[in-house]
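Please go through the model shown here and work out, by question and answer, how its strands and its surface are arranged.

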Amino acid sequence: NSSSTHGLLHQYRGSDGYSELQINNTASSGAVTLNIRNDSASVATIANDGGAYFAGKVGIGTCRPGAKLEINKSASGTNFDALWLRNSGADAANNSVRLIMSPSSQYLVGHYSTYIESGRGASLNNYLAFGTFESGVGGVERVRIDTTGNVGIGTTAPGEKLTVAGGISASEGLSAGKCSYFDGKVGIGTTDPRELLEVAGN
């Protein structure tokens, strides 16, 4: 229906030698949208605000994606930076960027979701953290790997290769290559030691 059409399609070659395809809005107001449809519904929409919608699978580097998003590149023997999530704000303490995952549409951010966070600490040291969201609580960090490679469980400031804030349970034993320190009673063969060291059995 030409009476309701306010967009013009242009193809031209820019000063850099590359061809461009543009859709321009000729109306005084409103947005321009590129809409690709089949017989019954939209399969892809690109809006002039930069937003995009795809009904099917999206492939980058492949024309036959096997998942909702598949990124593919042949990079044998070299590092392949497949996905880069970046906070484009000025470098500052406590900046971070998160990848949030939810098991269904009912679980929105803040309700039983999980996240991976890359950030800058208070002293501008990089870290990688894993956390969960609790209903009514928000995001709670569970594990952190700091800039030196130390791992913290239940703490954001691990002082050793592994720092755990809380108890540890092991069914197959624990092994330490150097000195070990325990702040409390130690039980061998018992879960309820009554002395600093109690051994049950031979």
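**Surface patch, hairpin and sheet**

Q: Which residues form a nonpolar patch on the surface?
A: In this predicted model, a nonpolar patch on the surface has about 410 Å² of accessible area, counted over its members together. The residues that form this patch are Leu 34, Ile 36, Val 43, Ile 46 and Phe 54.

Q: Which strands each supply at least two residues of the nonpolar patch?
A: The patch includes Leu 34, Ile 36, Val 43 and Ile 46, and Ile 46 lies in strand β4. The strands that each supply at least two residues of the patch are β3 (33-37) and β4 (42-47).

Q: Does Ile 46 count as buried, partly exposed or exposed, and why?
A: Buried residues have under 20% relative accessible area and exposed residues over 50%, with partly exposed residues in between. Because Ile 46 has a relative accessibility of 40%, the class it falls into is partly exposed.

Q: What is the bridge partner of Leu 34 in β4?
A: A hairpin of four linking residues joins β3 to β4, and these two strands pair in the antiparallel sense over five bridges. Within β4, the residue that serves as bridge partner of Leu 34 is Ile 46.

Q: What is the order of the strands in the open sheet of six strands?
A: The pairing in this open sheet is mixed, and the order of its six strands is β8-β9-β10-β11-β12-β13. Because β8 (96-101) and β13 (162-164) each have a single partner strand, one side of each is left without a neighbour in the sheet. From one strand to the next, the twist averages 25 degrees. The order asked for is therefore β8-β9-β10-β11-β12-β13.

Q: What is the bridge partner of Leu 128 in β11?
A: Strand β10 (residues 126-134) pairs with strand β11 (residues 138-145) in the antiparallel sense, over seven bridges. In β11, the bridge partner of Leu 128 is Ile 145.

Q: How many helices and how many strands are there in the chain?
A: The elements discussed above include the strands β3 and β4, which pair in the antiparallel sense, and the six strands of the open sheet. For the chain, the counts are zero helices and 15 strands.

Q: What percentage of the residues of the chain count as buried?
A: The chain exposes about 15,800 Å², of which carbon and sulfur atoms supply 51%. Among contacts with a separation of 6 or more, residues 24 or more positions apart account for 10%. Of the 202 residues of the chain, the share that counts as buried is 11%.

Methods:
Residues numbered from 1 in each chain as written. Predicted model: local features only at pLDDT ≥ 70, side-chain atom pairs only at ≥ 80, totals over all residues. Heavy atoms only, no water. Buried < 20%, exposed > 50% of the residue type's maximum accessible area, 1.4 Å probe, protein only. Contact = heavy atoms within 4.5 Å. Areas by Shrake-Rupley, 256 points an atom, 1.4 Å probe, with all protein chains shown as cover. Patch = residues over 30% accessible without salt bridge, like charges linked within 9 Å, V, L, I, M, F, W, Y side chains within 5 Å. Salt bridge = Lys/Arg side-chain N within 4 Å of Asp/Glu carboxyl O. Pairing = 2+ DSSP bridges. Axes fitted to C-alpha atoms, helices over the stretch in contact; angles between N-to-C directions.
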